[in-house]
Amino acid sequence: MLLTAAAAFSQETLAPVGTRDQKVVRRWALPGDPRGLAIGSDGTVYVGLAEPQAVVAIDPQSGAVKKRVVLDSEEIASTKELVTLRTDPAKTRLYIANGSDESATILSLPTLAVLREITMEGEPIRDVIPDPLGRYVYLLGHEVHVFDKDGGKELRALPVDDPMAIATTANGSHLAVFATEDFGNTKATVVVLYETKTFKEIAREPLQTDRSIEGALFAASDKVLIAFSRDYLFEKPIVKRSATTFASLINSDRACLPEKSGPQAVTLAGSTLVYAERRCSASGAFGGANRVITPASLYGVDAWAIAFDGTSIIATEPKSGHLTIYRLPRAATVR
């Protein structure tokens with residue numbers, strides 16, 4: 001599919017939005033159905049806009065639009081959803097999962113030049129994660145596809161049917177894949193753990209739920225795996241016996257993630273797990289006494305994606321058409 005790049009809009013600045021919400025540091029109007037979100041090495045905020053099929057680079061202090069790149073022109077049947085935006089550890093590349101467009105896009109940073117578009121016919125791409133060691137690119141479609149580091153060649157597809165979410169350890173040694181499997185007359189969610197040298201499966205365990213997993217991440221120096229559905233958070237510790245595997249313990253509790261959010265509705269802020277949460281009456285204190293990570297809810301924030309910039313939480317809010325910077329919530333559910 002053809003991609004086109006627009007010139008930088010040096011005079012464009014987002015309109016500020018006033019609010020009395022004490023959690024808000026700054027808020028701007030950002031029309032265009034803002035979705036995936038990433039932060040560059042210099043603090044630049046990169047946002048995917050689903051309706052104009054574009055990526056914008058924004059100064060988080062002034063709201064100035066530093067650059068805007070159109071991925072699909074109006075003449076093309078544009079279907080990119082920009083579900084997730086993720087960067088490599090060096091923050092020199094931006095990886096975009098395009099959803100129902102059945103493709104993924106790799107851009108260079110900070111130029112936003114298009115390096116590659118990977119097309120997977122018949123497979124909506126719900127997430128793209130670069131290997132922390134720079135060896136691979138993982139695409140989440142009807143299978144988990146492992147590409148070379150530049151996205152030019154598929155190396156393998158992992159034998160897990162209809163995976164729901166993926167996560168890689170910070171050191172790149174392991175990849176977790178979530179899917180649904182049959183157990184007699186019932187279905188349950190399982191998590192499969194692979195080591196990433198040979199992609200040998202080393203563990204496969206039920207997650208004690210039949211809920212669809214929206215996203216996942218490793219935390220606490222890769223000692224725990226966090227997964228989340230629309231209404232639950234799950235915490236699965238990782239242990240080393242003769243080899244790395246899962247502990248039998250699992251912590252879980254109710255949460256109320258936004259009804260329309262992506263795999264980036266949860267993020268890490270140091271040792272704190274921060275998650276966007278719609279207003280509800282069913283939320284609880286995640287993990288209880290045995291929890292490994294510390295939770296903090298951005299309660300009442302209807303975000304598609306959130307990210308931590310080192311001091312604050314940045315959120316894209318499609319329903320209201322806002323880009324908002326929030327104060328980092330305390331390590332407790334904020335009401």
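Pro110 lies in the loop that runs between strand S8 (103-108) and strand S9 (114-119). In this predicted model, the peptide bond joining Leu109 and Pro110 is cis, with an omega of about 5°. This is a feature worth pausing on, because most peptide bonds are trans.

Two further loops hold a backbone feature of another kind. Lys91 is placed in the loop between strand S6 (84-87) and strand S7 (93-97), and this lysine has a positive phi of about 55° although it is not a glycine. Ala220 sits in the loop between strand S18 (215-219) and strand S19 (224-228); Ala220, also not a glycine, has a positive phi of about 50°. Such angles catch the eye because most residues other than glycine have a negative phi. As for solvent, Lys91 has a relative accessible area of 29% and is therefore partly exposed. Ala220 is likewise partly exposed, since its relative accessibility is 34%.

With these loops in view, it helps to step back to the whole chain. The protein chain contains 28 strands and 0 helices. Its length is 335 residues, and 55% of them count as buried. The accessible surface of the chain comes to about 14,300 Å², with 48% of that area belonging to carbon and sulfur atoms. Contacts also link distant parts of the sequence: among those between residues at least 6 apart, 46% join residues at least 24 apart.

One pair of residues gives a concrete picture of how separate stretches of sequence are arranged. Lys200 and Leu158 are 42 residues apart along the chain, while their C-alpha atoms are separated by 9.6 Å. Lys200 belongs to the loop between strand S16 (186-195) and strand S17 (201-206). Leaving aside residues up to four places away in sequence, Lys200 touches Leu193, Tyr194 and Glu195. Is Lys200 buried or exposed? With a relative accessible area of 54%, Lys200 is exposed, because the cut-off for that class is over 50%.

The surface also carries a cluster of like charges. Which residues form the negative surface patch? The patch is made up of Glu143, Glu154, Asp161 and Asp162. Of these residues, Glu154 can be placed in strand S13, which covers residues 154-158. Glu154 counts as partly exposed because its relative accessibility is 34%.

Key. Residues are numbered from 1 along each chain as its sequence is written. This is a predicted model: local features need pLDDT of at least 70, side-chain atom pairs count only at pLDDT 80 or more; totals for chains, interfaces and linings use all residues. Side-chain values use heavy atoms; hydrogens and water are left out. Patches are made of residues with over 30% relative accessible area and no salt bridge: like charges are joined within 9 Å, nonpolar side chains (Val, Leu, Ile, Met, Phe, Trp, Tyr) within 5 Å. Accessible areas come from the Shrake-Rupley method with a 1.4 Å probe; for residues, only the protein chains shown count as cover. A salt bridge is a side-chain nitrogen of Lys or Arg within 4 Å of a carboxyl oxygen of Asp or Glu. Lys and Arg count as positive and Asp and Glu as negative; His and the chain ends are not counted. The place of a charge is taken as NZ of Lys, CZ of Arg, CG of Asp or CD of Glu. Helices (H or I, at least four residues) and strands (E, at least two) are DSSP runs, numbered from the N terminus. Buried means under 20% relative accessible area, exposed over 50%, partly exposed in between (1.4 Å probe, protein chains only). Contact means heavy atoms within 4.5 Å.
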